[in-house]
Amino acid sequence: KQDTAEEQIKDIMTVDVGYQRLEHKKVEETFGVGFDNIDNTIQFTRKNVVILGAYSGSGKTTMLAEWILHWCIKCHKKVLFFSLEMPVEDIMKILISKIVQIQQFKVYEYIKERPDTYELIMDALKKYLFIVDKNYLSFDDMGNYIKLLASRDIMVDIVAVDYFQYM
């Protein structure tokens with residue numbers, strides 16, 4: 001249904017109305033992604049929707065992993081991560097390889113050789129990162145997971161979805 005002209009005219013704001021709303025707007029907490037060139041340009045709030053789009057194999061998941069680590073470890077934000085195409089063990093391999101700065105194929109050997117370091121990594125992430133390892137979820141399904149965590153007093157700050165085709 002298309003709005004009538006009278007309904008549309010209510011959507012048009014004058015500059016003075018916009019300024020008044022800006023003056024009374026509550027200042028929200030902002031956070032970046034851990035990359036100075038991005039963080040110096042923009043900051044995000046809980047209400048923002050950010051879509052990272054690029055060709056397959058271009059590093060979207062790797063970039064998102066960097067952002068997630070920044071949010072969890074440096075910003076202490078609770079992140080609910082929907083990995084809709086990659087199993088949780090592969091996500092953990094990416095995250096661990098980023099933290100200890102090794103190649104992904106060396107992670108299995110690393111965690112066996114250094115169980116103490118592996119435990120430190122898990123302790124740093126387990127309070128802030130929740131991963132849903134299920135394919136073919138709708139936006140409603142994802143919303144239900146958010147509500148489920150909230151019902152258990154886990155208030156998520158950031159929702160990250162890794163599968164652009166769902167958008």
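Contact is taken here to mean heavy atoms within 4.5 Å. In the predicted model, Thr 45 touches Glu 28, Glu 29, Thr 30 and Phe 31 by this criterion, residues up to four places away in sequence being left out of the count. Thr 45 is located in the loop that runs between helix 3 and helix 4. With a relative accessible area of 15%, Thr 45 falls under the 20% limit and is therefore classed as buried. Between the C-alpha atoms of Thr 45 and Leu 148 the separation is 22 Å, the two residues being 103 residues apart along the chain.

Helix 4, which follows this loop, comprises residues 60-74. Its 15 residues span 21 Å from the first C-alpha to the last, close to the 21 Å expected at 1.5 Å a residue. The buried residues of helix 4 are Lys 60, Thr 61, Leu 64, Ala 65, Trp 67, Ile 68, Leu 69, His 70, Trp 71 and Cys 72. Several elements contribute to their cover, including helix 3 (36-39), helix 5 (88-100) and helix 7 (115-126). Strand 1 (79-83), strand 2 (129-132) and strand 3 (158-162) are also among the covering elements. Just beyond the end of helix 4, His 76 adopts a positive phi of about 55°.

In soluble globular proteins, nonpolar side chains tend to be buried together. The largest nonpolar core of the model contains 26 residues, and Ile 68, Trp 71 and Val 79 have the most contacts inside it. At least two residues of this core come from each of helix 4, strand 1, helix 5, helix 7 and strand 3. Helix 4 makes the greatest contribution, supplying seven residues. Two of the residues named above, Ile 68 and Trp 71, are buried residues of helix 4. Val 79 touches both Ile 68 and Trp 71, and also Cys 72. The further contacts of Val 79 are with Tyr 128, Leu 129, Phe 130, Val 156, Ile 158 and Ala 160, again with residues up to four places away in sequence not counted. Another core, of eight residues, lies apart from the largest one. Leu 80, Phe 82, Leu 84 and Met 142 are among the residues of this second core.

Side chains of opposite charge can pair when their charged atoms come close. Three salt bridges are present in the structure. One of them joins Lys 98 to Glu 66, with the closest N and O atoms 3.3 Å apart. This pair connects distant parts of the chain, as Lys 98 belongs to helix 5 and Glu 66 to helix 4, 32 residues apart. Both partners count as partly exposed, Lys 98 at 26% relative accessibility and Glu 66 at 30%.

A further salt bridge is formed by Arg 114 and Glu 113, whose closest N and O atoms are 3.6 Å apart. Arg 114 counts as partly exposed, at 37% relative accessibility. In the pair of Lys 126 and Asp 123, the closest N and O atoms are 3.2 Å apart. These two residues are separated by about one helical turn, because they are three residues apart in helix 7. An α-helix has 3.6 residues a turn, so residues three or four places apart point the same way. Lys 126 has a relative accessible area of 56% and is therefore exposed, whereas Asp 123, at 37% relative accessibility, counts as partly exposed.

Notes. Residues are numbered from 1 along each chain as its sequence is written. This is a predicted model: local features need pLDDT of at least 70, side-chain atom pairs count only at pLDDT 80 or more; totals for chains, interfaces and linings use all residues. Side-chain values use heavy atoms; hydrogens and water are left out. Helices (H or I, at least four residues) and strands (E, at least two) are DSSP runs, numbered from the N terminus. The expected span of a helix is 1.5 Å times one less than its number of residues. Buried means under 20% relative accessible area, exposed over 50%, partly exposed in between (1.4 Å probe, protein chains only). A salt bridge is a side-chain nitrogen of Lys or Arg within 4 Å of a carboxyl oxygen of Asp or Glu. A nonpolar core is a set of buried Ala, Val, Leu, Ile, Met, Phe, Trp, Tyr and Cys residues joined through side-chain atoms within 4.5 Å.
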